[in-house]
Amino acid sequence: MSKEFWRWPEYRRTVPGKDWKNAEVVTAGVDIGSVSSKAVIMTDGELYAYSIMRTGSSSPDSAQKAMDRALEETGMKLDDIKYTVGTGYGRVNVPFANRAITEIACHARGANYIWGPKVRTVLDMGGQDCKAIHCDERGKVTAFLMNDKCAAGTGRGMEVFADLLSVPIEEVGPMSLSVDKEPEPVSSTCVVFAKSEAVGLLRKGWPKNMVLAAYCSAMANRVSELLEKIKVEKEFVITGGIAKNIGVVKRLENIIGFKALPIQEKFDPMTAGSIGAALFAKALYERSAKST
Amino acid sequence: MIVHYGYKDGSGEYFISVDTDKCNGCGDCVEACPANVLEMTTMMIDLEDKLVAAVTEEHRNKIKYSCAPCKPEETPPCVSACKQAAITHTWKPQ
Amino acid sequence: MTTAGIDMGARNIKVVILKDNKILSKGIALSGFDQKASAEKAFNETLTKAGLSHDDIKRIVATGAGKDVAPYANSEISMMGADALGGAYLFPSARTVIDVGAEEGRAVKCDDKGKMIDFVINERCAAGAGTFVEAMSRALEVKLEEMGPLSLKAEKAVPMNAQCTIFAESEVVSLIHAKTPKADISKAIHDAIADRIASMTRRLGIQRDVILVGGVAKNVGFIESLKGALGVDLLVPDDPEFVGAIGAALAPAK
């Protein structure tokens, strides 16, 4: 089988030096996206463990797989988790979740936790859609806009290009920045047309890094248009898989005129939604405990 | 919270925006829409559930097409139906 | 008077030579990577077919996405204008001309003289053009020309949720995995694009007769789906991809 360049690595992580058994309340957030599934376990509202997996054809199975992987090596069982919130495109199909909350609320809440209360604008660039969220100091959404009409400006579009050029997806960003001179962006917004445009450029003799630069820059343009409607305010953060693509992030920062807060070492930007979900899980659990 | 449903592409931009703070869940807009684009749905706002107007999941990614017949209208039926002025609309062809 | 129309399409170049409003010859060639060279070749072949030389042609009018690089042309006309003229030439009763090409879908409203009154375009999105069906045929592993006939054999209407070609490819793959018959998938594909073209056309108001032209008009599956989506009958000419070139050849002198 030929190499699949778009495949990003699945992984899990436990925050070192913590014992979940000392925690008063353990909650979880499960974010089932169209491309990736994320499960986050939190102890007393602090990150404890998480996993990032590819979404399969069934949402319930993907949710189970992500949760099983997050639980690995922790000695924890699903029953030890007091409350679970499902979010993302497959949020209603998380069999072990106590309730579902839209990913918009979860992303804002998660970004507020990861980067702090100064965050006002969250751009989530996921696998199959792109969301621009404006929020207040509590992480409450004040305005929100989503593009899920097309693959332009999504991780899926980037996967298509990684495959077309046979460049591993993690290398796309750095490679696109290795050009001597920034080329004109690819003129088509539509990924299908952009692909034929790229084929034409390769035929003209353009090296791969130039073609990738032209695409990353087109994607940054596209996303900045989406942000216009919301009005980007500082502090600005990027979540989702594309946050890890420095080629798109750098170009986007150039267009909007200021920098996004850097990725926090402890947190994967893909887990912002599931972190928010786990925080909502804690709040909902505490409220239900109080009322009974 | 203001939720913008719509798109921006080579042909222009089109959005239906719902202010969930103003929306009182009456459902008049749902009745008014000739393309059945809107529905009443429960959203969690400050941990409380609130019934508000939203574009249905089915239509969310095809507003470009579903709302096409209303595009030339200055005030589409959903906007005029809303007594709370919770729904606004933008259409800027390119 | 002898005139020629060159339609520089995204996928194919079409050439038509007209004498006193009668079609003398037609030619078609793939646009390829050198559109201009392909057009030169197609034009000269069409001339030979008509038994004419370059000097016999009074006026050469270009249209289509690549009209700026058209060879020999001494005038040009917009694609919408050409659709209206060409449509009314073939069907004088035409009031709405829907043209679905490889990379663009258009609808044009015209009067009985083939004068364009209004138009809408879906451009820069593959989902509203022939490229969509092409990409889906690859995902389905069915030859493009078999997509239409296969679609007519469908027994069930399967909905397609994805609007974007890229996402629709994955949806087709999951439908195949779910053992959905290929005929049903093919119909779902044609219904999906027909739905988009119909919504676009409704913005003009649908005035009869409605005629369908462009390369995608050769696809019987698409014709059926579009009839269903619009709720009116459609007139389809024999060589629907030549309508733009015919319109160009009919264009008045500027």
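Throughout this passage, buried means under 20% relative accessible area, exposed over 50%, and partly exposed in between, with a 1.4 Å probe and protein chains only. The structure is a predicted model, in which local features need pLDDT of at least 70 and side-chain atom pairs count only at pLDDT 80 or more, while totals for chains, interfaces and linings use all residues. Residues are numbered from 1 along each chain as its sequence is written, chains are lettered from A and ligands numbered from 1 in the order in which they are written, and side-chain values use heavy atoms, with hydrogens and water left out.

Salt bridges (a side-chain nitrogen of Lys or Arg within 4 Å of a carboxyl oxygen of Asp or Glu) come to 31 over all chains when the whole structure is searched. In one of them, A:Arg69 pairs with A:Glu72 at 3.5 Å, N to O. Both ends have some access to solvent-sized probes by the cut-offs above: A:Arg69 is partly exposed at a relative accessible area of 24%, and A:Glu72 is partly exposed at 37%. The pair A:Lys131 and A:Asp129 sits at 3.0 Å, N to O, and here both residues are buried. Then there is A:Glu182 with A:Arg251, whose closest N and O atoms are 2.5 Å apart. A:Glu182 belongs to the loop between H4 and H5 of chain A and A:Arg251 to helix H7 of chain A, so this salt bridge ties together parts that are 69 residues apart in sequence. A:Glu182 is partly exposed at 42% relative accessibility, whereas A:Arg251 is buried at 6%. Salt bridges with shared partners also link A:Arg91, A:Glu103, B:Glu57 and B:Arg60 into one network.

Next comes the interface of chains A and B. Buried area here is the accessible area (1.4 Å probe) that two parts lose on being put together, summed over both. Chain A and chain B bury about 2,000 Å² between them, with 55% of it on carbon and sulfur atoms. On the chain A side, A:Phe144, A:Lys149 and A:Lys229 lose the most area to chain B, together 29% of what that side buries. Counting contacts as heavy atoms within 4.5 Å, 22 residues of chain A and 21 residues of chain B take part. There are 5 salt bridges between chain A and chain B. A:Arg287 makes a salt bridge to B:Glu48, with the closest N and O atoms 3.0 Å apart.

Now for the helices, which, like the strands, are DSSP runs numbered from the N terminus (H or I and at least four residues for helices, E and at least two for strands). Helix H3 of chain A (residues 155-165) has 8 of its 11 residues buried, so the rest of the structure largely encloses it. The buried ones are A:Gly155, A:Gly157, A:Met158, A:Glu159, A:Val160, A:Phe161, A:Ala162 and A:Leu165. Their cover includes H4 (169-176), H5 (191-203), H6 (208-230) and H7 (246-256) of chain A, along with helix H5 (165-177) of chain C. Just past H3(A), A:Ser166 adopts a positive phi of about 55 degrees.

Helix packing is described with axes fitted as lines to C-alpha atoms, for helices over the stretch in contact, and with angles that run from 0 to 180 degrees between N-to-C directions. In chain A, the axes of H2 (residues 103-115) and H8 (residues 272-291) come within 7 Å and cross at roughly 90 degrees. That makes H2(A) roughly perpendicular to H8(A), on a scale where under 35 degrees is roughly parallel, over 145 roughly antiparallel, 65 to 115 roughly perpendicular and the rest oblique. In chain C, the axes of H2 (residues 79-90) and H8 (residues 243-250) come within 7 Å and cross at roughly 95 degrees, which makes H2(C) roughly perpendicular to H8(C).

A few backbone oddments round things off. A cis peptide bond with omega of about -10 degrees joins A:Lys234 and A:Glu235, and A:Glu235 is in the loop between H6 and strand S10 (236-239) of chain A. That loop between H6 and S10 of chain A also holds A:Lys231, a residue with a positive phi of about 70 degrees although it is not a glycine. A:Lys231 is exposed, at 59%.
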